[in-house]
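Morning, everyone. I have one structure to show, and I want to talk about its pockets and its surface. Please have a look at it first.

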Amino acid sequence: MKTRFDQGMKTRREVLGDAHVDRAEANKSELDLGFQTLITESAWGNVWSSDAISRRERSMLTLALLAATGNFEEIPMHVRATANTGASKSDVMEAFQHVAIYAGVPKANHAIKLAKATYAEMEETSDE
């Protein structure tokens with residue numbers, strides 16, 4: 001029987017990719033071990049592992065919430081994850097349009113700038 005941590009790690013790898021999770025795991029220390037366990041079990045083992053809505057929808061919600069709350073640092077990571085969740089570039093732009101209306105144009109504008117840069121980076125690395 002899978003624990004919530006095991007399920008969370010499986011989902012995290014499916015969404016973010018092995019390379020990202022391996023880097024995060026390599027950087028884990030005693031100081032942030034409790035936090036890493038918390039997010040693996042709750043965010044990935046509960047929320048992202050639920051089948052109540054699709055991963056595409058979760059990607060759109062996550063990106064919109066990150067932008068709306070000004071948590072821009074994680075936007076590139078979640079834009080990269082769209083390659084695994086099925087959220088298209090158009091889906092992401094629709095989510096950011098909602099941000100513009102409900103949370104502010106400057107936040108949406110900055111999120112779009114980050115998304116464009118991340119998509120360009122993704123295209124460069126896929127051409128190599």
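I will take the pockets, then one residue beside a pocket centre, then a patch on the surface.

One caution before that: this is a predicted model.

Start with the largest pocket. How much space lies in it? About 330 Å³. It has 15 lining residues, and those closest to the centre are Arg12, Ile39, Trp44, Glu74 and Met77. Now the elements. Helices α1 (4-16), α2 (18-27), α3 (33-47) and α5 (75-85) each give two or more residues to this lining. Which one gives the most? That is α3, with five residues. As for chemistry, the lining of the largest pocket divides into eight nonpolar, five polar and two charged residues.

Let me stay with Arg12 for a moment. Arginine 12 lies in helix α1. Buried or exposed? Its relative accessible area is 4%, so arginine 12 counts as buried; the cut-off for buried is under 20%. Now pair arginine 12 with isoleucine 39, another of the residues closest to the pocket centre. Along the chain, arginine 12 and isoleucine 39 are 27 residues apart. In space, their C-alpha atoms are separated by 9.9 Å.

Next, the second largest pocket. Its space is about 190 Å³. Who lines it? From the first part of the chain, Leu16, Gly17, Asp18, Ala19, His20 and Arg23. Then come Met77, Arg80, Ala81, Ala83 and Asn84. Two helices, α2 and α5, each supply at least two of these residues. The largest share is from α5, with five residues. By type, the lining of the second largest pocket splits into five nonpolar, three polar and three charged.

Put the two pockets side by side. Met77 is among the residues closest to the centre of the largest pocket, and Met77 also lines the second largest pocket. In the largest pocket, α3 is the top contributor. In the second largest, that place goes to α5.

Last stop, the surface. Ile53, Leu61 and Leu65 make a nonpolar patch there, of about 260 Å². Take Leu65 from that trio. Leucine 65 sits in helix α4, which runs over residues 55-68. Why does leucine 65 count as exposed? Because its relative accessibility is 52%, and exposed starts over 50%. Set that against arginine 12, buried at 4%.

That's my tour. Questions, please.

How values were computed: Residues numbered from 1 in each chain as written. Predicted model: local features only at pLDDT ≥ 70, side-chain atom pairs only at ≥ 80, totals over all residues. Heavy atoms only, no water. Patch = residues over 30% accessible without salt bridge, like charges linked within 9 Å, V, L, I, M, F, W, Y side chains within 5 Å. Areas by Shrake-Rupley, 256 points an atom, 1.4 Å probe, with all protein chains shown as cover. Salt bridge = Lys/Arg side-chain N within 4 Å of Asp/Glu carboxyl O. Helix = DSSP H or I, 4+ residues; strand = E, 2+ residues; numbered from the N terminus. Buried < 20%, exposed > 50% of the residue type's maximum accessible area, 1.4 Å probe, protein only. 1 Å grid on protein atoms, 1.4 Å probe; cavity = no way out; pocket = protein on both sides within 12 Å on 5 of 7 lines; lining within 4 Å. Points joined across faces, edges and corners; volume = space filled by probe spheres on them. Nonpolar A, V, L, I, M, F, W, Y, C, P; charged D, E, K, R; others polar.
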